[in-house]
Amino acid sequence: MEVWAGLVFVAVGYYYWPLSFLELSLMALAYTLVLGFELFNTALERMFERLHPEHHELVGISKDLASGAVLMSVIFSCGIVFLIAWMH
C-alpha cells in the first residue's frame with residue numbers, strides 16, 4: 001500500500017510541479033529509506049513473534065526501537081519534502 005501511495009504522490013506532484021534531477025533524487029532516496037526501514041521493522045517483528053511468541057519486555061523494547069527508526073526515517077523524509085517545497 002505504501003509503495004503505491006508514494007509512487008502516486010510523487011507522480012502527481014511531479015506532473016503539477018516539475019522537480020530538478022537533484023530534488024527528485026533526494027525524494028527518491030528519502031522514499032527508499034522509509035520503505036527500507038519499514039521492511040526491516042516488519043522482518044524484526046515477525047522474527048520476534050516466531051522466536052518468542054509470549055510477551056517479553058526486551059522483545060517489546062526491541063520492537064519499539066525498530067518502530068522508532070521508521071518514525072525517524074519518516075521525519076527525515078518530511079524534512080526533505082519541506083526543504084524542497086520551501087526552495088520553490
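**Leu19, the core and the helix pair**

Modeller: Starting point, in this predicted model: Leu19 is in contact with Tyr14, Leu24, Met27, Ile84 and His88, leaving aside its neighbours within four places in sequence.

Colleague: OK. Which residues make up the largest nonpolar core?

Modeller: Five residues in all: Leu19, Met27, Ala30, Ile80 and Ile84. Met27 and Ile84 also appear among the contacts of Leu19.

Colleague: And which helices each supply at least two residues of this core?

Modeller: α2, residues 21-51, and α3, residues 57-87.

Colleague: How do those two pack? What angle, and how far apart are the axes?

Modeller: The angle is about 170° and the axes are 9 Å apart. That is over 145 degrees, so α2 runs roughly antiparallel to α3.

Colleague: What residues sit in the contact of α2 with α3: how many nonpolar, polar and charged?

Modeller: The contact has 18 nonpolar residues, plus five polar and five charged.

Colleague: Switching topic. How many helices and strands in the chain?

Modeller: Three helices, zero strands. From the N terminus the order is α-α-α.

Colleague: Why is the chain more spread out than a compact globule?

Modeller: Its radius of gyration is 16 Å, and the globule rule gives 12 Å for 88 residues, so the chain is more spread out than a compact globule. The C-alpha trace spans about 50 × 20 × 15 Å along its principal axes.

Colleague: What percentage of the residues count as buried?

Modeller: 19% of the 88 residues.

Colleague: Last one. Of the contacts between residues at least 6 apart in sequence, what share joins residues at least 24 apart?

Modeller: That share is 72%.

How values were computed:
Residues are numbered from 1 along each chain as its sequence is written. This is a predicted model: local features need pLDDT of at least 70, side-chain atom pairs count only at pLDDT 80 or more; totals for chains, interfaces and linings use all residues. Side-chain values use heavy atoms; hydrogens and water are left out. A nonpolar core is a set of buried Ala, Val, Leu, Ile, Met, Phe, Trp, Tyr and Cys residues joined through side-chain atoms within 4.5 Å. Buried means under 20% relative accessible area, exposed over 50%, partly exposed in between (1.4 Å probe, protein chains only). Helices (H or I, at least four residues) and strands (E, at least two) are DSSP runs, numbered from the N terminus. Contact means heavy atoms within 4.5 Å. Axes are lines fitted to C-alpha atoms, for helices over the stretch in contact, and angles run from 0 to 180 degrees between N-to-C directions. Angles under 35 degrees count as roughly parallel, over 145 as roughly antiparallel, 65 to 115 as roughly perpendicular and the rest as oblique. Ala, Val, Leu, Ile, Met, Phe, Trp, Tyr, Cys and Pro count as nonpolar, Asp, Glu, Lys and Arg as charged, and the others, Gly among them, as polar. The radius of gyration is taken over C-alpha atoms; the globule rule is 2.2 Å times the number of residues to the power 0.38.
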